[in-house]
Amino acid sequence: MSLGKFMTLAAIAGSAFAQNIVLTNDDGWAVAQIRAQNDALVAAGFNVILSAPAENESGTGSSSETPKVLTEPCEFDTCPTGSPAEGFNASNPRLNYVNAFPVDAVRFGIQTLAPQFFGSTPDFIVSGPNVGNNLGSGVTGSGTVGAACEAALEGFPSAAFSGDTAAQVSFTTLTSSPDSTDTLAARTYATLTTMLTSALLGPAARPVLPSGVTLNVNFPSTSSCPDANSFSFVLTRLVEDSSATDVETCGTDHLPVETTVVREGCFVTVTVLNATSKADVDAVAQGAVLDRLGSGFFTCV
């Protein structure tokens, strides 16, 4: 199926089922990538609440603290010193910051904002896309992955998304520099994230993902992959383990390693993680994700 046709169908599905999504990250509520992602999900028909840290909290893993009144402005001066511990954009109250860690931000989105705006719990949590890849054993320190894991441990399907081409720039660059490398990459990654989210949340029966797992999704550089049509998805594992038996696909029961695949071309890696240990899962959990998306969703490498 072509990407264009898939996205059209996904948008229709998203609108028809009106799924509720909490969007978070670890780079902060005002970076270009999360706002591009918000735009893409809303355009696809999802109900979206953004709940992300007030400032850049990259590398904070699964740290948690009680949100506090701001002693300095939010990132890019998007809220002043003295602002409350949790706040929102005056023109769009669905855009929210939390002055704490990513785990705290996603909790606020799930536990406080979802009942307020959805009248129910969220259907899915999108964490990212992160500024920079989160690969291999390095995922343990990622706040973006930490937020996705927290959501999974609270019982909500989730995925962490990360992109190689990125910079810590304000969301205002999406309109002030629409043709810049960073803006184009943010839009491309947002399209791909929406595609995978739509595929997971299609009309198939629940659960969306097995209990206690999350997905770690990484996008390669856009330097040789200029638009979403350039990319293919590959089911991968986190780290090499010759003794492990993975789900059988592409003629083998050993999945490729995400760090290698994401550097081989225009391949988006999709790894199933244990949300507690942030490690690879067994073949049964991998198989549940493969069955959910269908073998035709993935490319063999």
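The following questions and answers go through a predicted model of one protein chain.

Visitor: What is the mean pLDDT of the protein chain?
Guide: This is a predicted model, in which local features need pLDDT of at least 70, side-chain atom pairs count only at pLDDT 80 or more, and totals for chains, interfaces and linings use all residues. Residues are numbered from 1 along each chain as its sequence is written, and side-chain values use heavy atoms, with hydrogens and water left out. pLDDT is the predictor's confidence in each residue, from 0 to 100. In the protein chain 94% of residues reach 70 or more, and the mean pLDDT is 93.

Visitor: Over which residues is the pLDDT below 50?
Guide: Where pLDDT is low, the predicted coordinates should not be read in detail. The stretch in question has 22 contacts in the model beyond near neighbours in sequence, a contact being heavy atoms within 4.5 Å. The pLDDT is below 50 over residues 1–16.

Visitor: Which residues does the UniProt domain annotation cover?
Guide: The unreviewed UniProt entry gives "domain: Survival protein SurE-like phosphatase/nucleotidase". UniProt positions are given in the numbering used here, feature names are shortened, and annotations may be inferred rather than shown by experiment. The annotated span is 29% helix and 22% strand, and its end C-alpha atoms lie 33 Å apart. According to the entry, the domain covers residues 21–240.

Visitor: How far apart are the end C-alpha atoms of helix α6?
Guide: Helices (H or I, at least four residues) and strands (E, at least two) are DSSP runs, numbered from the N terminus. The expected span of a helix is 1.5 Å times one less than its number of residues. Helix α6 has 20 residues, 181–200, so 28 Å is expected. The model agrees with this, with end C-alpha atoms 29 Å apart.

Visitor: How many of the residues of α6 are buried?
Guide: Buried means under 20% relative accessible area, exposed over 50%, and partly exposed in between (1.4 Å probe, protein chains only). By that rule α6 is mostly covered. Of its 20 residues, the buried ones number 15.

Visitor: Is Thr-222 buried or exposed?
Guide: Thr-222 is found in the loop between β7 (213–219) and β8 (232–236). Leaving aside neighbours within four places in sequence, Thr-222 is in contact with Thr-165, Ala-185, Tyr-189 and Phe-231. Because its relative accessible area is 11%, Thr-222 is buried.

Visitor: Which residues are joined with Arg-107 into one salt-bridge network?
Guide: A salt bridge is a side-chain nitrogen of Lys or Arg within 4 Å of a carboxyl oxygen of Asp or Glu. Arg-107 pairs with Asp-104 (3.6 Å, N to O), and because the two are three residues apart in helix α3 (residues 102–117), about one helical turn separates them. Arg-107 also forms a salt bridge with Glu-150, with the closest N and O atoms 3.0 Å apart; this pair links helix α3 to helix α4, 43 residues apart. Salt bridges that share partners join Arg-107 into one network with Asp-104, Glu-150 and Glu-154.

Visitor: Which residue forms a salt bridge with Asp-280?
Guide: The closest N and O atoms of this pair are 2.9 Å apart. Asp-280 lies in the loop between β9 (267–274) and α8 (283–293), and its partner in the loop between β8 and α7 (258–261), so the pair ties together parts that are 43 residues apart in sequence. The partner is buried, with a relative accessible area of 4%. That partner is Arg-237.
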